[in-house]
Amino acid sequence: MTSDELSLLIPPRMAVTRYITPLREGGSLPALVEADDRYKYVLKFRGAGHGAKALIAEFIGSWLAAAAGLRVPQLALLDVDEDFGRTEGDEEIQDLLQASRGLNLGMAFLSGALTYDVAVNRPDSREASAIVWLDAFLTNIDRTARNTNMLVWNGGQIWLIDHGASLYFHHSWNGWEKAALSPFPYVKDHALLPHASRLLEADAVMHRRITPQIIDTVVDLIPDEWLAQAEHDIPADGQRQVYRSFLRTRLENSQIFVDHAIKARQLSL
């Protein structure tokens with residue numbers, strides 16, 4: 001996927017028209033909603049948890065996963081109107097809706113999808129290696145056997161969801177240069193690490209698919225509204241530059257986290 005092809009996939013900005021139900025499996029209380037295109041989406045709220053930073057991590061992670069050829073639900077930019085949710089009876093949900101007025105992030109609802117279960121599902125080694133590589137690259141700490149954040153859908157295909165715990169350096173911004181060179185020790189807990197026997201092959205493939213140009217395209221597409229909320233003291237362009245530098249540095253030095261993942265896998269077998 002080229003930078004131009006990736007940018008063409010950005011959906012139009014839409015309005016949330018119906019709140020259907022909360023999805024209480026997630027710590028940030030996402031919800032199933034309907035937008036004005038009459039499709040259903042899982043909505044991630046800017047007023048929940050880590051706020052806009054979680055949406056930024058989700059946005060970057062999902063688009064880079066798509067660029068890498070992995071399956072992710074189609075993203076959507078969804079507006080929550082000022083009056084939306086005033087009739088909601090649950091005070092916690094009403095507060096969340098009011099705190100999330102403006103632009104939020106949605107992903108297409110995969111009806112009938114099942115949660116990936118490490119005790120039941122068996123991934124292809126090539127796909128498992130690509131997913132482990134991506135999560136080590138993004139420093140995604142939240143794809144463990146306990147909480148895989150993967151769905152099985154459409155004939156047994158693996159679909160990746162919830163990249164909001166990625167890029168955790170941006171919760172402090174200090175020391176991002178060191179974080180970019182981290183071996184990512186949390187990879188030892190990755191749900192697919194036992195099946196990731198082709199990490200060197202995955203590294204070569206990912207360098208062809210996730211290029212510096214792709215990184216620049218994805219970072220440039222982060223909505224200004226999220227950046228403004230995420231960090232009041234750092235202008236949007238400054239935040240974008242850090243994201244670009246972090247991801248480019250991590251890509252250039254991928255051997256650090258690939259070698260660590262290989263060793264972690266050997267120790268786990």
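Trainee: What makes helix H4 oblique to H9?

Mentor: Helix H4 (residues 125-138) and H9 pack at an angle of about 130 degrees, with their axes 10 Å apart. Axes are lines fitted to C-alpha atoms, for helices over the stretch in contact, and angles run from 0 to 180 degrees between N-to-C directions. Angles under 35 degrees count as roughly parallel, over 145 as roughly antiparallel, 65 to 115 as roughly perpendicular and the rest as oblique. H4 is therefore oblique to H9.

Trainee: What is the basis of these values?

Mentor: The model is predicted, so local features need pLDDT of at least 70 and side-chain atom pairs pLDDT 80 or more, whereas totals for chains, interfaces and linings use all residues. Residues are numbered from 1 along each chain as its sequence is written, and side-chain values use heavy atoms, with hydrogens and water left out.

Trainee: Which residues of H4 and H9 meet?

Mentor: Trp-133, Ala-136, Phe-137 and Leu-138 of H4 are in contact (heavy atoms within 4.5 Å) with Phe-246, Leu-247, Arg-250 and Leu-251 of H9. By class, this contact holds 7 nonpolar, no polar and 1 charged residues.

Trainee: Why are H7 and H9 called roughly antiparallel?

Mentor: The axes of helix H7 (residues 212-220) and helix H9 (residues 236-252) come within 10 Å and cross at roughly 155 degrees. Set against the limits already stated, H7 and H9 are therefore roughly antiparallel to each other. Pro-212, Ile-215, Asp-216, Val-219 and Asp-220 in H7 meet residues of H9, including Arg-240, Tyr-243 and Leu-247. The contact of H7 with H9 comprises 6 nonpolar, no polar and 5 charged residues.

Trainee: How do you know that strand S1 pairs with strand S4?

Mentor: Strands pair if DSSP finds at least two bridges between them. S1 (residues 13-22) and S4 (residues 75-80) are joined by 3 bridges and run parallel. In this pairing, Met-14 stands opposite Leu-78 in S4. A closed barrel of 5 strands runs S1-S2-S3-S5-S4, with mixed pairing, and its twist averages 55 degrees from one strand to the next.

Trainee: What makes Lys-44 and Glu-58 a salt bridge?

Mentor: The term requires a side-chain nitrogen of Lys or Arg within 4 Å of a carboxyl oxygen of Asp or Glu. For Lys-44 and Glu-58, the closest N and O atoms are 3.0 Å apart, so the pair satisfies that definition. Lys-44 lies in strand S3 and Glu-58 in helix H2, 14 residues apart. H2 (residues 52-67) lies across S3 (40-44), S4 and S5 (102-108), running at about 40 degrees to S5.

Conventions. Helices (H or I, at least four residues) and strands (E, at least two) are DSSP runs, numbered from the N terminus. Ala, Val, Leu, Ile, Met, Phe, Trp, Tyr, Cys and Pro count as nonpolar, Asp, Glu, Lys and Arg as charged, and the others, Gly among them, as polar.
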